[in-house]
Amino acid sequence: MKGILFFDVDGTLIDSGHGREVPDEKVMEAIGRLRRRGYACIVSSGRNMSGLHMLKGIGFDGFVFSDGAGILLEGKPSEVISFDHDEIDSIMKQIIEEYHGRVHACHEDGSFASSAVYAATLQKVGEQYGERRDEILELYNVKPLEQWKNEKILEVDIYFENEDWKNAWMKQKPESIEYIDMGKENGEITVTGITKAAGCRRMCDVLGVDLKDCYAFGDSMNDEAMLKECGTGICMGNGDPRLKAAADHVTSAIDEDGLIRAFTYFGLL
């Protein structure tokens with residue numbers, strides 16, 4: 001195996017900003033050629049596996065999911081690192097009750113959303129899919145937080161009303177959790193030490209590949225650790241300016257053949 005290519009999903013593989021739900025055909029054709037040339041192609045996403053259903057069985061070798069908390073090679077059982085049940089329950093309650101926050105807690109095959117997030121999800125899915133709303137919610141397995149029982153929580157999206165509440169929470173954040181800043185009022189939390197970079201390292205160990213022979217592609221700040229960890233980190237032209245500054249290379253935007261151009265630039269095709 002020559003190396004591994006790790007791909008973020010939203011804004012990198014899928015142009016979700018323009019309502020697309022699957023990668024461009026040209027990109028998938030190129031990924032097929034890369035695999036035939038001896039590269040493993042791995043999806044590396046903040047999404048859980050239910051959120052990645054459209055990418056299973058279409059030409060990827062495996063998945064790093066939930067911001068590195070889980071890895072999955074096609075045809076093999078997944079490996080996950082989850083929060084302690086009671087601790088994450090306490091953390092989420094504190095965010096909601098003391099810091100006026102909202103949470104979206106993901107397990108491998110679905111998620112649980114606090115009331116405001118669940119209501120917003122119902123509205124958004126209804127506007128986008130109309131009569132298919134319930135079908136889509138079942139496909140992604142989104143449920144109210146009150147229904148959570150024993151599912152292993154791998155990653156939690158958190159949202160605050162403003163930066164003041166976020167900063168107040170950050171001052172007392174437990175050392176047992178990792179925080180990934182996604183913007184002024186929102187972020188993602190995992191178990192300490194778990195990032196996409198950690199998931200990439202685990203995948204390299206399984207496949208017997210050196211990280212220096214890996215390429216990482218992303219566009220947002222939850223991709224930063226992955227881009228820095230891999231031998232070559234590539235930011236999309238539509239990416240966060242902070243990520244562009246941290247990347248080894250900036251390609252064009254997703255809707256300007258950014259991935260194809262990067263493959264060509266590095267002589268991968």
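**View 1. The open sheet of six strands in this predicted model.** The strand order is S8-S7-S6-S9-S11-S10, with mixed pairing. Strands (E, at least two residues) and helices (H or I, at least four residues) are DSSP runs, numbered from the N terminus. Two strands pair if DSSP finds at least two bridges between them. S8 (142-144) and S10 (177-181) are the edge strands; each has a single partner strand, so one side of each lacks a neighbour in the sheet. Neighbouring strands are turned by 25° against each other on average, direction ignored. Axes are lines fitted to C-alpha atoms, for helices over the stretch in contact, and angles run from 0 to 180 degrees between N-to-C directions.

**View 2. Strands S9 and S11, with two helices on the sheet.** S9 (residues 155-159) pairs with S11 (residues 186-191) in the antiparallel sense, over four bridges. Asp157 has Glu188 of S11 as its bridge partner. Helix H2 (residues 85-98) packs on the sheet and touches S6 (102-107), S9, S10 and S11. Contact means heavy atoms within 4.5 Å. The direction of H2 makes about 155° with that of S6. Helix H5 (residues 163-171) also packs on the sheet, touching S9, S10 and S11. Its direction makes about 155° with that of S10.

**View 3. The S10-S11 hairpin.** Four residues lie between S10 and S11. The two strands run antiparallel and are joined by five bridges. Ile180 stands opposite Glu188 in S11.

**Notes.** Residues are numbered from 1 along each chain as its sequence is written, and side-chain values use heavy atoms, leaving out hydrogens and water. In this predicted model, local features need pLDDT of at least 70 and side-chain atom pairs count only at pLDDT 80 or more, while totals for chains, interfaces and linings use all residues.
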